[in-house]
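Colleague: I'm new to this, so could you walk me through the structure a bit at a time?

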Amino acid sequence: MSKRENIDSFYQRIKYPVLERLSPDHPHINIFERAACVGIVPYSRRDYYKVTLILGKGTLEYANKTLYIDRPALMFSNPLIPYHWQPDVGEQLGWFCIFNDAFVKQRDELLTDLPMFQIDTDKVFFPDPESVKEISLFFEKMVEENKNNYPLKQDVLRNYLHLIIHHALKLKPAHNYNHDTSASARITSMFLELLGRQFPIDSRQHELKLKSAKDFADHLSVHTNHLNRAVKEVTGKTTTEHIASRIMLEANELLRHSNWAISEIGYCLGFDYPGYFNTFYKKYSGKSPKEIRKPVV
């Protein structure tokens, strides 16, 4: 399985001199011009969040899909979703901002509560030319702000980051991002948080504990039917569909980028017998795990 990349190892990869203390409990944010970090981004999980304005062409690969970027794009990534960037020949311009979980929790968790940082939501947005100008200006201001020693610099950078994120939100109809505070929304939010917290699977000793709608309902102290109704009402998808989708995402990641036996992958994902995993995988993908597996380089 490919190693997770933290901020420290990212800086080592791009040969960036670090002048401050780096630790998971110390808030950190930094901004770069993409031209200064040109190259293939290796496929891996990252222990940090990233917001990128892509001005250049290339291929973005996730575990379950590939997207060709041929125009300006705003991309969001979080520690749960691994990805790979393969640039085309030509200029790779734009900016990106990285920040850790401690930075998110320094003030509030609004940043990571937003849709683009959740599982099974859009991670790439295509702003119009006017929005590209405004977003570029915000990144330029962040680069300049990052150079000074103002004690509350991180708060200023956070504000610019919010402006960039809300530009992305405005690219979709407002009703798609309605922050409903109803009981159904709260239960759904807790369910999705519990589901996401079980991943990634980083070792052969890691086994899913919550595998069914009933498991999640028991953990949340609600009736299974109540949980199912709430999740369907808020997301339009059933509890089982969410669980299966997340397991499939992890299965694809492990099949393509680990050297674990298929039976080991199935066991870690909660299947007691290889046959059960094979049946599940074929049901949701139309292919067997063996057909998806490719040699690990």
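Colleague: Let's start with the second largest pocket: how many residues of its lining are nonpolar, how many polar and how many charged?

Modeller: Keep in mind that this is a predicted model. The lining of that pocket is made up of 18 residues, with E20, H28, I29, N146 and K153 nearest its centre. Two elements, β1 (29-33) and α5 (153-169), each give two or more residues to the lining. Sorted by class, the lining comes to 7 nonpolar, 8 polar and 3 charged residues.

Colleague: And how much space lies in the second largest pocket?

Modeller: We've just seen that 18 residues line it. The space they border comes to about 370 Å³.

Colleague: Now for strand β3: is it largely enclosed by the rest of the structure or largely open, and why?

Modeller: Buried here means under 20% relative accessible area. Strand β3 covers residues 49-55, and 6 of its 7 residues are buried, so the strand is largely enclosed by the rest of the structure.

Colleague: Which residues does L53 stand opposite in β8 and in β6?

Modeller: β3 pairs with strand β8 (residues 93-99) in the antiparallel sense over 7 bridges. With strand β6 (residues 73-77), β3 also pairs in the antiparallel sense, over 5 bridges. Across from L53 you'll find W95 in β8, and in β6 you'll find L74.

Colleague: Is C97 buried or exposed?

Modeller: The cut-off for buried is under 20% relative accessible area. C97 has 0% relative accessibility, so C97 counts as buried.

Terms used:
Residues are numbered from 1 along each chain as its sequence is written. This is a predicted model: local features need pLDDT of at least 70, side-chain atom pairs count only at pLDDT 80 or more; totals for chains, interfaces and linings use all residues. Side-chain values use heavy atoms; hydrogens and water are left out. Buried means under 20% relative accessible area, exposed over 50%, partly exposed in between (1.4 Å probe, protein chains only). Helices (H or I, at least four residues) and strands (E, at least two) are DSSP runs, numbered from the N terminus. Two strands pair if DSSP finds at least two bridges between them. On a 1 Å grid over the protein atoms alone, a cavity is a set of points where a 1.4 Å probe fits but cannot get out, and a pocket is an open set with protein on both sides within 12 Å along at least five of seven lines; lining residues have an atom within 4 Å of a point. Grid points are joined across faces, edges and corners, and a volume is the space filled by probe spheres set on the points. Ala, Val, Leu, Ile, Met, Phe, Trp, Tyr, Cys and Pro count as nonpolar, Asp, Glu, Lys and Arg as charged, and the others, Gly among them, as polar.
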